Amino acid sequence: MKKILWFNEIGIKDVNIVGGKNASLGEMYQNLTKHGVLIPNGFAITADAYWHFLESAKIKEKIKEILKDFNKKDLVSKGTLIRGTILNADFPKDLKEEIISAYKKLSSESKKKNIDVAVRSSATAEDAPDASFAGQQESYLNIKGEKELLLACKRCMSSLFTDRSISYRLDKKISLFDVALSVCVQKMVRSDKASAGVMFTLDPESGFKNVIVINGAYGLGENIVKGRVIPDEFCVHKELLKRGFKPIVGKTLGKKENALIYTDNLSSPTANIKVSEEKRNTFVLDDKEILELAKFGLAIDEHYKRPMDIEWAKDGDDNKLYIVQARPETIHKKENEKVFSEYYLAKKGEVLLEGAAIGSKIGQGKVQLILDVKNIEEFNEGDILVTTITDPDWEPVMRKAKAIITDSGGRTCHAAIVSRELGIPCIVGTGRATEILKDHQEITVSCAEGEIGKVYKGLLPIKTRKIDLTNLKKTRTKIMMNIGVPLEAFALTTIPNDGVGLAREEFIIANSIKVHPKALLKYPNLKDKQAKEKIAEITKGYKDKSEFFIDQLAWGMGRIAAAFYPNDVIVRTSDFKTNEYASLIGGREFEPKESNPMIGWRGASRYYDEKYKDAFIMECKAFKKLREEMGFTNVKIMIPFCRTPEEGKKVLSIMKEHGLERGKDKLEVYVMVEIPSNVILADQFAKIFDGFSIGTNDLTQLALGVDRDSSIVAHVYDERNEAVKTLVKQAIEIAHKNKIKIGICGDAPSTFPDFAQFLIDNKIDSLSLSPDAVFKTTLEILKKEK
């Protein structure tokens with residue numbers, strides 16, 4: 001029946017006495033401070049004190065009378081009346097004296113007369129954990145002095161009857177008198193002079209549990225909690241953090257335009273001020289602080305044995321990091337269901353267009369024609385993108401589309417590859433989509449009817465059949481995934497897999513770096529002034545522009561490696577063609593014009609060329625950081641478009657010079673088998689590489705002499721052609737003879753079940769598939785293996 005309890009007197013079992021917020025602070029103060037987690041001291045004004053106040057002031061019955069015959073129409077008027085009743089009542093003398101006595105003791109500990117404190121609400125109920133009430137009641141910061149403290153406590157208690165709190169309890173069918181209000185009084189961390197934010201011990205978007213995500217901004221943390229600023233974001237891998245590495249797998253600079261600071265105005269103790277441009281362009285935490293905070297989060301997560309939502313603050317006076325609140329994370333409390341969704345149309349309609357189907361989903365919506373990449377900002381999220389053809393510059397808008405339709409391209413064009421990665425239905429090579437389809441026209445895009453994709457007039461009814469994969473057996477053949485977009489990686493881990501058979505650097509370079517690597521290396525001497533201005537904006541905070549490239553590439557690859565750790569993640573080094581490199585910012589100064597870039601200066605031939613070698617060395621440095629500093633030794637490196645063994649030896653020599661030696665620290669280096677010479681000379685390639693990965697896209701193109709981007713000869717392009725299958729079979733046999741691993745990362749097994757069966761018959765070690773093809777292909781392989 002105590003009215004005041006200190007943090008060292010309470011724990012998580014005392015939710016009904018002091019509310020979830022106070023109970024959690026007490027639990028951490030008692031158990032985690034001894035392990036180095038810093039938590040400012042404080043005390044709780046208990047739920048008993050709340051009831052004592054209501055009864056002593058004789059306002060409990062008044063509140064009950066106000067709430068009699070309550071309905072939602074009365075919410076505003078009755079809520080205002082109750083809050084006024086509480087604020088106008090006096091605390092009983094004994095309670096007032098106990099609060100003041102505790103405040104004096106807290107001030108004395110800090111060697112101050114009147115310490116500044118945070119006063120927060122901590123709701124409690126017999127049947128509802130405090131996590132359910134998060135954000136429903138008020139908090140008051142920078143409270144100093146006895147009079148101000150008593151008023152803030154009373155305002156917290158009255159906030160149990162804010163409009164949103166009353167409405168929430170009614171929606172949850174919780175009696176308005178089943179909940180009491182405990183108050184947290186805690187020593188204030190002077191984050192107004194530094195920074196503050198929130199930390200989740202899982203990825204809050206996907207629910208992926210093996211990372212810690214930290215958001216931070218300047219000033220008090222309320223700006224982030226209430227969504228007033230775009231904060232910095234940091235992501236750290238848990239397992240490798242435990243093992244002593246520095247596994248920061250993401251750093252995103254936020255705008256942080258405002259900072260919430262203290263004022264001398266007692267009626268309004270905090271105010272927002274503008275943040276200088278220099279500070280906006282600087283991260284609020286350095287790497288050492290990010291890792292320290294992540295360790296705090298890890299300790300809290302392991303203590304509670306569940307994902308947590310944590311508030312942190314950095315004190316500008318002592319420059320230390322503190323935890324000021326922690327509650328269970330509840331959004332992702334349910335595990336992702338392991339089901340495979342199969343789509344089909346309940347009713348067919350008029351077919352407007354046909355083309356090659358990418359994926360197996362159905363999308364529908366309004367057409368939006370975008371013919372020039374300069375106009376992609378006009379695209380409305382949720383519409384269907386219709387264009388001639390896409391390249392890496394189109395990717396930001398492709399993410400927003402419900403479906404994509406192109407005039408040109410085959411199943412291995414840019415639009416097809418990206419659509420598979422994003423799980424968006426796409427139809428390529430229609431020939432006349434931009435002529436036939438009109439802006440705002442309603443259509444249905446079906447890729448669920450085999451190899452031919454169909455565009456139907458109108459919005460047709462879509463049905464979904466779900467297949468339970470809970471008891472899905474593992475295949476003898478390894479099933480891996482092709483991943484390009486790091487931001488998608490955490491969500492894709494719910495798909496049963498044996499790792500990543502192809503992680504593409506091109507997506508990271510095009511979307512995160514955006515700049516030609518040579519333009520970063522030669523930044524001071526760039527001739528293109530407009531490009532130089534763009535680079536300055538993109539690389540804010542980096543004096544050495546090459547460090548920007550290394551960091552962004554390491555973080556992007558690290559995010560994918562973290563998602564699938566400890567399974568293998570095979571990362572292919574950059575494989576842009578000259579025309580694609582030229583489209584990067586500042587790229588035109590460094591790229592020749594080739595009549596056929598597809599078989600020009602690409603892949604391995606660039607890496608040892610003096611005109612590009614220093615750019616490849618930056619890639620090597622990113623891999624070295626990824627494996628040695630961050631700890632992701634599950635990453636293997638794959639060299640694309642390596643025409644001869646001599647080329648392979650030159651590339652391996654450069655890698656070794658820069659700390660990437662085959663066999664050292666378990667480093668394996670693979671080579672793509674995508675040129676007929678790779679098969680003809682496979683015995684020689686097997687002596688210098690650790691594994692092969694068949695790329696059917698280029699192998700088919702070069703075996704049949706077909707331009708894979710040409711819709712005119714698309715009918716000839718077929719991975720199932722006997723010439724292609726003969727080369728594939730031969731490559732598998734030679735790999736097995738030389739006792740090295742061989743897999744496939746081309747799209748053929750994703751697109752054609754019979755080709756997947758051909759690979760199984762020839763005992764390939766692994767298939768790397770587009771994420772949306774994994775379930776379907778796995779079921780087919782299980783049948784075949786059986």
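A residue counts as buried when its relative accessible area is under 20%. The legends below describe close-up views of a predicted model.

**View 1. Asparagine 215 in strand β7.**
Asparagine 215 lies in strand β7. Is this residue buried or exposed? Its relative accessible area is 13%, and because the limit for a buried residue is under 20%, asparagine 215 is classed as buried. Leaving aside its neighbours within four places in sequence, asparagine 215 is in contact with eight residues that can be located in the view: Ala196, Gly197, Val198, Ile224, Pro231, Asp232, Glu233 and Trp312.

**View 2. The open sheet that contains β7.**
Six strands, in the order β9-β8-β7-β6-β12-β13, make up an open sheet with antiparallel pairing. The edges are formed by β9 (248-252) and β13 (321-328); each has a single partner strand, so one side of each is left without a neighbour in the sheet. From one strand to the next, the twist averages 15°. Strands of a sheet pair through backbone hydrogen bonds, either parallel or antiparallel. Within this sheet, strand β6 (residues 195-200) runs antiparallel to strand β7 (residues 211-218), and six bridges join the two. Serine 195 stands opposite tyrosine 218 of β7. Helix α11 (residues 287-304) packs on the sheet and touches β6, β7, β8 (232-237), β9, β12 (308-314) and β13. The direction of α11 makes about 35° with that of β13.

**View 3. The closed barrel of seven strands.**
The strands of this closed barrel run β15-β19-β18-β17-β16-β20-β21, and their pairing is mixed. On average, neighbouring strands are turned by 35° against each other, direction ignored. One pair within the barrel is formed by strand β16 (residues 362-369) and strand β20 (residues 442-446), which pair in the antiparallel sense over five bridges. Which residue of β20 is the bridge partner of glycine 365? The partner is isoleucine 443.

**View 4. Helix α13 across strands of the barrel.**
Helix α13 (residues 414-422) lies across β15 (351-358), β18 (403-406) and β19 (426-428). With respect to β19, the helix runs at about 165°. How many of the nine residues of α13 are buried? Nine of the nine are buried, and the helix is thus described as mostly covered. The buried residues are His414, Ala415, Ala416, Ile417, Val418, Ser419, Arg420, Glu421 and Leu422. Just after the helix, glycine 423 takes a positive phi of about 75°.

**View 5. Strand β24 between two parallel partners.**
Strand β24 (residues 500-504) is mostly covered, with five of its five residues buried. Strand β23 (residues 478-483) runs parallel to β24 and is joined to it by three bridges. Methionine 481 has valine 500 of β24 as its bridge partner. Strand β25 (residues 569-572) also pairs with β24 in the parallel sense, over three bridges. Here arginine 504 stands opposite arginine 572 of β25.

**View 6. Helix α16 and the residue that follows.**
Helix α16 (residues 505-513) is mostly covered, and seven of its nine residues are buried. These buried residues are Glu505, Glu506, Phe507, Ile508, Ile509, Ala510 and Ile513. Lysine 514 follows α16 and has a positive phi, near 70°.

**View 7. Alanine 531 in helix α18.**
Alanine 531 is found in helix α18 (residues 529-538). With a relative accessible area of 4%, alanine 531 is buried. Not counting residues up to four places away in sequence, alanine 531 touches Ile585 and Gly586. How many ångströms separate the C-alpha atoms of alanine 531 and threonine 726? The separation is 47 Å, and the two residues are 195 residues apart along the chain.

**View 8. The packing of helices α26 and α27.**
Helix α26 (residues 696-704) packs against helix α27 (residues 722-737) at an angle of about 125°, and their axes are 9 Å apart. This angle makes α26 oblique to α27. The crossing of α26 past α27 is right-handed. On the side of α26, the contact is made by Leu699, Thr700, Ala703 and Leu704; on the side of α27, Ala723, Val724, Leu727 and Val728 take part. Of the residues of this contact, seven are nonpolar, one is polar and none is charged.

Key: Residues are numbered from 1 along each chain as its sequence is written. This is a predicted model: local features need pLDDT of at least 70, side-chain atom pairs count only at pLDDT 80 or more; totals for chains, interfaces and linings use all residues. Side-chain values use heavy atoms; hydrogens and water are left out. Axes are lines fitted to C-alpha atoms, for helices over the stretch in contact, and angles run from 0 to 180 degrees between N-to-C directions. Helices (H or I, at least four residues) and strands (E, at least two) are DSSP runs, numbered from the N terminus. Angles under 35 degrees count as roughly parallel, over 145 as roughly antiparallel, 65 to 115 as roughly perpendicular and the rest as oblique. A crossing is left-handed if the near helix is turned anticlockwise from the far one by less than a right angle, and right-handed if clockwise. Contact means heavy atoms within 4.5 Å. Ala, Val, Leu, Ile, Met, Phe, Trp, Tyr, Cys and Pro count as nonpolar, Asp, Glu, Lys and Arg as charged, and the others, Gly among them, as polar. Two strands pair if DSSP finds at least two bridges between them. Buried means under 20% relative accessible area, exposed over 50%, partly exposed in between (1.4 Å probe, protein chains only).
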